[in-house]
Every structure is written in C-alpha cells, then in structure tokens.
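Please look over the model below before reading on. A short briefing on its symmetry, helix packing and sheets goes with it.

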Number of protein chains: 2
Amino acid sequence: MANTGSAQTGEYVAGLEKGLAVIEAFGARHPRLTISEAARLAELSRASARRCLLTLQKLGYAEYDGRYFRLTPRALRLGYAYVMSTPLPRVVQPVLETLSERTHESASVAILDAAEIVFIARSTTRRSLSAGIAVGTRLSAYGTATGRVLLSNLTDAALRALIRETAPTKLTPKTVTDTPSLLSEIRNARTQGYAISDEELELGLRSIAVPIRNAVGDMVAAMSLSVQTARMGRAEMVEQLLPALETARRMISAML
Amino acid sequence: MANTGSAQTGEYVAGLEKGLAVIEAFGARHPRLTISEAARLAELSRASARRCLLTLQKLGYAEYDGRYFRLTPRALRLGYAYVMSTPLPRVVQPVLETLSERTHESASVAILDAAEIVFIARSTTRRSLSAGIAVGTRLSAYGTATGRVLLSNLTDAALRALIRETAPTKLTPKTVTDTPSLLSEIRNARTQGYAISDEELELGLRSIAVPIRNAVGDMVAAMSLSVQTARMGRAEMVEQLLPALETARRMISAML
DNA sequence: ATAAAATGTTCGCTATTCGAACAAACGCGG
DNA sequence: CCGCGTTTGTTCGAATAGCGAACATTTTAT
C-alpha cells in the first residue's frame, strides 16, 4: 500500500490512521455502524474497516451486537486525554459560573478545531438561553462571535484557505457569508479585541466574545456571553457585557 | 510480534492498539510527552512509540516542538465521537439546569467507565459547591453515590472482581473501603433505587444519586445532587432531594 | 572533561496487514 | 416462495509496513 503520511518510510503507522478514521466516522448521524458503513465513511476497504472495528471492540472502545458496532464510554478517554492534559476546562468553569450569575446570561468557553468551535465549558442561569448547547457541542466557526475571535488568530492566508474549504452558508438571513465581509469581521476582532455575532447563528440570539490568552500571550480559547436580542441591544451589550468578559478573562489568564 | 488481541490471525490491528495506548498516556500528570516517556507509559518500544507519535502529529492529533509532543484539540473528536453518538448530554443538560435551580444544589450526570465515573453533564448554582468538577472529570466509582448506582448494575461477580482490581483506599476517614460493606452499599442501591455518599469522597459533602434508564430499562447513566453537610442532613436529603431527582429522571427517561 | 545513562533513529527482516476473490445474507420483482 | 442481483462479511496468499536490536546522539552525573 502507498505510504500516505510520511516522506520517509518507517515513520508512520497506517493502521493507526485507519483506526482513528473509523472512530471519527461515528457521530450524531451514525451512532452505530456496520462494517460496510464504517468502510464507506472512513474511506477504507471493508476488510480494513472490519479489522479496526474488531480491534476497537477487543480493546473496549466499541461493542458489537453481531451486526452493528457502537462506541463505548471508554472512547471518552481519548478525547479527555486532551481535556485532562490541559487545565483550561477546570480553570474556567468557576469563572464562567460567576460571570453567568453576575450578568444573568449564558457564558461559554470554546476552542477552535479546524473550521469548527468546540465548547469546553459552559454556564447558564435559569433565565438565560440554554439553546441545547452542551460541552462538546460543535458549531461552524464563521457564524459565531467565539469563532471569529478564534479565527482572528490565523493568518489571512490561512483564513482565506479555511473560508474556501468551508464554503459558508447562511444559518439565518443575517449570516455573513461572503469572503470579504467575513475577513473584515475577523480583522475587526483582531484589532478591537472582541467579536460580535448578531443573529447570524440563530435569530433572536446576540453574542459577544473575547480571547483567552496564556502566560506567553498565545490565544488558547475564547469566552463569550450570549443574550436574547429582545433583552439587550448591540451597543448595550458592548457597554455592559464586554467589561465583565474582560474582567473574567483577566482572572483566567492569571491562572494559566 | 505476538498477536495479543485476537484468537485468529488477521483480525487485529496492532498499530491501532499501540496508538490508542499512546493517546491514553497523555493526561493531567503528563500534558506533554517525549518519545521515551510515551514508550514507558504506553509500555511500547521507543521506536513504536515514536512512529505512533509521528503519525498522530501527521494526522493533526498532536503537535511536536522537537522534543515534546502535546495533544491538539482535534483529539477531542475521538472522545466526542462517543458523546455525539449518544444523545444523553444534550438531553440531560436542560433538565439538570432546572433541577439545580429548583433545589439550589449542584446536579450532575455521569457514566461508568471501568472503575471510574465520568461526568458528562453538570449544573451548579451560585450558592452550590462547584468543587472544581467539570464535564470530563473522573472519580473512582466506589466513593460516590453516582458510582454506587452505576455499579449496582453489575453482577456480584463482576463487582467483586472490580473491587479487587481497584483496591479501594480511604478518600476521607469516612470512606467505606472493605469489600463486604461496599457490596452492601451497592446492593442497597440496587434494591432501594438510589445511593448516598456521606462525606466519603470529601468531608462536608453529601450526595444522593438515582439511575437513568433508557426506553428498554437499561441503566445508561446516573444523576446526582450534592449538598454541603452543614446545609442538609441525610434524612432531609432523602426526603427533599430524592423526589426532585426522581421527577427529573422520569423526564429524562421519557426523552430517551 | 569524561563516562554513563538516557533518548532518539535506522534498516534488514518477518509477521502483520493488505484487498481481490469468494461466501453469505439480504432485498426485490415476478 | 423462488431466483437473481446487490450488498455485506470473511478469507488467505502475498507484499510490505512495522518491528526492535543495534547504533547514534544527547543529556546527565561525577
């Protein structure tokens, strides 16, 4: 088989690549997979997919009922190997709770993974909008305040490539999707230090986000507050919520 | 190399096993790893560990600074392949928020992974104890109410084996660690449908948990409320919080 | 500065993993 | 219900990916 991953022979494990592709084939649309389905989604031969699935089953990451494979909770260890190796979720959680309680709005922290943001911590109050967003939820970066902040950390060249690959579509009639406007929004985030998404993700939802930086100044996450548009205007949100976010992010940066 | 995982040849991918062992070697104690450290923790040769780490780097799951490897946010996809393939976190989050707000206590849902519980959803109020527990946090099952509920789903034989392997130690002076007492607590959870941990995980912390079952009656998670011992006695907790938990778990079961 | 220990890298060899071919199961039309 | 085509799952001879012992390099200790 062709050596797909390394310029030099002997520095790559093709079976690992295939197995990880099979794991990633599982998801909301595919909570369970047959051998053929896994092969198709992971772009492997059925024989390869079968060996990977049987290996995952032997190791306890998947279970098999004779036809379908499902991932088991042990698979959480793989994702949480990352989470556990960074202090961020534990550090930010209490700060988010304070922030959410004080502002009476939903507070979140997310990181960038390719063209998506992934929520790693969240706090809501009873009156605030949960919107079914839980830790682990992924959203396209381009339509969210958080995503724009995170994307502002990329070079323009990387941004252009990502936008091209993503081919943004309108999530609401207000979603900005054309490249020059998106680049402009992201550049604004870069210069003013915060970003806003105004009903671009969901009608009635307005968000503001700021970057979270570590001790050496690298952006490691973004933190946001979200409000219902009926409760707060855009200017008010900047005036009232941005200071709270900046206080919170200073607390967090001090702990990283 | 010995075929370690399958009775028949040709049904196992040793490289996948090794790569997953390397991923799991990362964690709170090991946020970054050298080739030798990864080899030692994953019980592999340095050459094997090196190939796995380079493969993870090529695929975007890890980064390398010339000496140390670190996992990247892409590794989250592996854990969330499981989370995304089960609706539980999204379903329970709003219910937990209501439960937490109504009872003024911390509410959590966790699942069992071997001898540990993993928190998959959580809600706290300002007045409640956060205790640094975020989604993804793992605790030994034996010392927690949630763990006892989840363990009650195992057979006595499986329980004995697990307790033997775990070799429970006292987390506080009140932690139950001897096997007959532990088995008794877990059997109580089985018969009465709830479990309590009374300052066994942490002095000053008292918890009560109930099982969450799916439509066919299989236990899929456990949900708990935690209080400060100064605020509520054990009997009061059963009287006041158990009904709220049972209402919440019926709501959840109706959605699964 | 030197030696020992630890860590990282190489490459000949062989056992693992490949996928084409075959076997088994399923679905559909008559 | 049967036959045929399609889809899915399994096998095994062959090719090569991945192995680890040996070596190279770096780090640590004296």
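The notes below go by topic, after a short word on conventions.

This is a predicted model: local features need pLDDT of at least 70, side-chain atom pairs count only at pLDDT 80 or more, and totals for chains, interfaces and linings use all residues. Residues are numbered from 1 along each chain as its sequence is written, chains are lettered from A and ligands numbered from 1 in the order in which they are written, and side-chain values use heavy atoms, with hydrogens and water left out.

**Symmetry of the two chains**

- A turn of 180 degrees and a shift of 0.0 Å along the axis lay chain B on chain A with an RMSD of 0.1 Å. The two copies are thus related as by a two-fold rotation axis.
- The superposition is by least squares on the C-alpha atoms of residues with pLDDT of at least 70 in both copies.
- Gly79(B) is the residue of chain B that comes closest to the rotation axis, at 1.8 Å (C-alpha).
- The copies meet through the same surface, because 100% of the interface residues of chain B are also interface residues in chain A. Contact means heavy atoms within 4.5 Å.

**Helix packing across the chains**

- Helix α1 (residues 14–25) of chain A and helix α1 (residues 14–25) of chain B have axes that come within 7 Å and cross at roughly 70 degrees. Axes are lines fitted to C-alpha atoms, for helices over the stretch in contact, and angles run from 0 to 180 degrees between N-to-C directions.
- α1(A) and α1(B) are therefore roughly perpendicular to each other (the class covers 65 to 115 degrees).
- From α1(A), the contact uses Gly15(A), Leu16(A), Gly19(A), Leu20(A) and Ile23(A). From α1(B), it uses Gly15(B), Leu16(B), Gly19(B), Leu20(B) and Ile23(B).
- These contact residues divide into six nonpolar, four polar and no charged. Ala, Val, Leu, Ile, Met, Phe, Trp, Tyr, Cys and Pro count as nonpolar, Asp, Glu, Lys and Arg as charged, and the others, Gly among them, as polar.

**Three-stranded sheets**

- Helices (H or I, at least four residues) and strands (E, at least two) are DSSP runs, numbered from the N terminus. Strands pair if DSSP finds at least two bridges between them.
- Chain A has an open sheet of three strands in the order β1-β3-β2, with antiparallel pairing. β1 (32–33) and β2 (62–64) of chain A are the edge strands, each pairing on one side only.
- β2(A) is joined by three bridges to strand β3 (residues 69–71) of chain A. Ala62(A) stands opposite Leu71(A).
- In chain B, an open antiparallel sheet of three strands also reads β1-β3-β2.
- In β3(B), Phe69(B) is the bridge partner of Tyr64(B).

**Domains and one loop**

- Chain A divides into domain 1 (14–78) and domain 2 (86–255), with bounds from an automatic or database domain assignment. Their C-alpha centres lie 33 Å apart.
- Gly204(B) sits in the loop between β7 (195–198) and β8 (205–213) of chain B.

Terms used. Angles under 35 degrees count as roughly parallel, over 145 as roughly antiparallel, 65 to 115 as roughly perpendicular and the rest as oblique.
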